Amino acid sequence: AEQLLRMSSVHPISDSLPGLSPPLPRSPPHRWFPSYRSLTAILLCICFAAIHMMNCNLSMSVVCMINTNETEQERNYDDGFSPANETGFIRLEGHADLVDWTPEEEGIIFSAFNLGLLFMLITGVLADKLNAKWMILGSVAIAVVATMMIPIMTTSFYWAVLARFLIGLSDAILQPAVNSLLTRWFPVSERSYALSIATGGRQLGTLLITPVAGALCQSTLFGGWPAIFILSAFAGVLFIVIYLFLGADKPSKLSCISEGELKFITLANAVEDCGKKRNERKVPWKRILLSGSVWSAVVAVVCHEFPLMTMIMFLPSYLHDVHHYTATTNGLLSSLPTLALWIAKILSSYCDSWLKKHTRWSASAICKFLNGIGSLGLGVFLYATTLLDASHAWLAVLFLCLSMFFAGLHTPGCQAALVAIAPAYSGAVTGLAFFFVASSGIVNPIVTKWIVQNQSAEEWNLVFYISTVFALLPCITFSVWGTADCQWWAKSEQQQQYYKDIKSSRKTSKESLDSQSP
């Protein structure tokens, strides 16, 4: 029975035979590059880069678009300074108007993004039923429109809140759609690597927009800071044009894919029941909500995302307030931790594949090992940053880079586990996880802005203490209860029935032995 059980985890069981049917033929090997799988991963990387440029552009532009006392004092010494105009904003010659957002309003605007993310609980279910290609294109289109709203409607705080909400909604549509698409395009052995390439686009987007935003802040192109939003929106339009012609929901819908690659993907994923007609498949919410494996992954992902939100939204402000970097230098230095995160995602995913191939460790053991190291390193270096003052600014940047490097190990860790637990319902599981990510993301900027009232080092240290606690929590929760194994309730119906038959057979055998014993 144990041997049959192991075989059934590799190949689906046919219900035409009482026992184990002849196994499906092994999927023939197919090269990773060049292939349409690698092209799909690259396209998704570009997609995430465009979306994240439209997400994080505000965190950099807010340094030069807000009408603060400091801005007024500094710009009074500029030859191009002109007094406040009729709207009450202070502006430079050739520069767009500055906006009068209070710190509390800034916190609300940043939180609006995460309010849009709350809808991932709904979009996650839809991602397993609708065409992922059109969901991806729709999400980017929404983000483009919302991004252009900010420079056009600068005089209204409420328009800015709506724009950020729509950008969050676009991300809520995108993430589960991508995760659902990954389960149909990539076999289990390649998903961690494909996930790192795709989501690495977030870091590439930050690397592109952050230093450029610092330069645009001081330029007169499109009025200075509005150019940051225009450039981000253009990146989204460019992706839409490319993906419209090259993207596909699943391999069978791509007419130019080779027969060998299509056969490789189909046979490799046959066990997961992802090819079943999606509108006929019901999401097993009871199994999901009662699964300890699911909740351990959800908690780990939330604890991974919380410190990253702090870095994405407030790193430029932290470097400006505590270490007194100028806008251009700030933009360059703010991109370094993101670069470290991107490098770590690629390296750790390769390490994950190497360990699976060259060791006897199980997928779950490797997943928990990498995730544990990532959580510990992230927490330690976030805390170490609080021990430094402005005289050690370079060391603070180094520690932040190291903290983000360790955060990259979460990609083959809890993030890969989120997809592996239930591939056929990856959209629903992702939606559940990021619903709580969004909930914490709403609280994060509001609390941060509430704490940081005077831009002092002590206030920023408290923000980092909170992120450190979140970072260290998965060292316990995910290391004990986490897994990267596909749960039995997420497998094909034939396999579920087979598991039930095996269990029933064992029970019958035990009862028979008990009745025969004296």
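**Close-up 1. The end of helix 12 and the residue after it.** Helix 12 is followed by His324, a residue with a positive phi, near 60°. Please keep in mind, as you look through these views, that this is a predicted model. Just before that end, His323 is still found in helix 12.

**Close-up 2. Helix 12 from start to finish.** This helix covers residues 292–323, which makes 32 residues. From its first C-alpha to its last it reaches 43 Å, close to the 46 Å expected at 1.5 Å a residue. Follow the helix along and you will find a bend of about 65° at Phe314. A proline, Pro316, follows within four residues of Phe314. Is helix 12 largely enclosed or not enclosed by the rest of the structure? Of its 32 residues, 27 are buried, so helix 12 is largely enclosed by the rest of the structure.

**Close-up 3. His323 and its contacts.** Here we zoom in on His323, a member of helix 12. Its relative accessible area is 6%, and buried means under 20%, so His323 counts as buried. Which residues does His323 touch, not counting those up to four places away in sequence? They are Tyr318, Asp389, Ala390, Ala393 and Ala396.

**Close-up 4. The largest nonpolar core.** This core has 131 residues, and Trp101, Ile136 and Tyr318 touch the most other members. Helix 2 (residues 36–65) gives the largest share of the core, 16 residues. Take a moment to look around Trp101: leaving aside neighbours within four places in sequence, Trp101 is in contact with Leu58, Met65, Ile66, Glu106, Ile109, Phe157 and Ala160.

**Close-up 5. The largest cavity.** Rolling a probe the size of a water molecule over the atoms shows where empty space is left. How many cavities of 30 Å³ or more are counted here? There are four. The largest cavity holds about 680 Å³ of space. Its lining is made up of 42 residues, and those nearest its centre are His52, Arg202, Glu305, Leu308 and Ile312. Helix 12 appears again in this view, giving nine residues, the largest share of the lining.

**Close-up 6. Thr386 in a loop.** Our last stop is Thr386, in the loop between helix 14 (363–385) and helix 15 (393–407). Is Thr386 buried or exposed? Thr386 is buried, with a relative accessible area of 8%. Not counting residues up to four places away in sequence, Thr386 touches Asn461, Phe464 and Tyr465.

Terms used:
Residues numbered from 1 in each chain as written. Predicted model: local features only at pLDDT ≥ 70, side-chain atom pairs only at ≥ 80, totals over all residues. Heavy atoms only, no water. Helix = DSSP H or I, 4+ residues; strand = E, 2+ residues; numbered from the N terminus. Expected span 1.5 Å × (residues − 1). Bend = angle between axes of the 7 residues up to and from the residue. Buried < 20%, exposed > 50% of the residue type's maximum accessible area, 1.4 Å probe, protein only. Core = buried A, V, L, I, M, F, W, Y, C linked by side-chain atoms within 4.5 Å. Contact = heavy atoms within 4.5 Å. 1 Å grid on protein atoms, 1.4 Å probe; cavity = no way out; pocket = protein on both sides within 12 Å on 5 of 7 lines; lining within 4 Å. Points joined across faces, edges and corners; volume = space filled by probe spheres on them.
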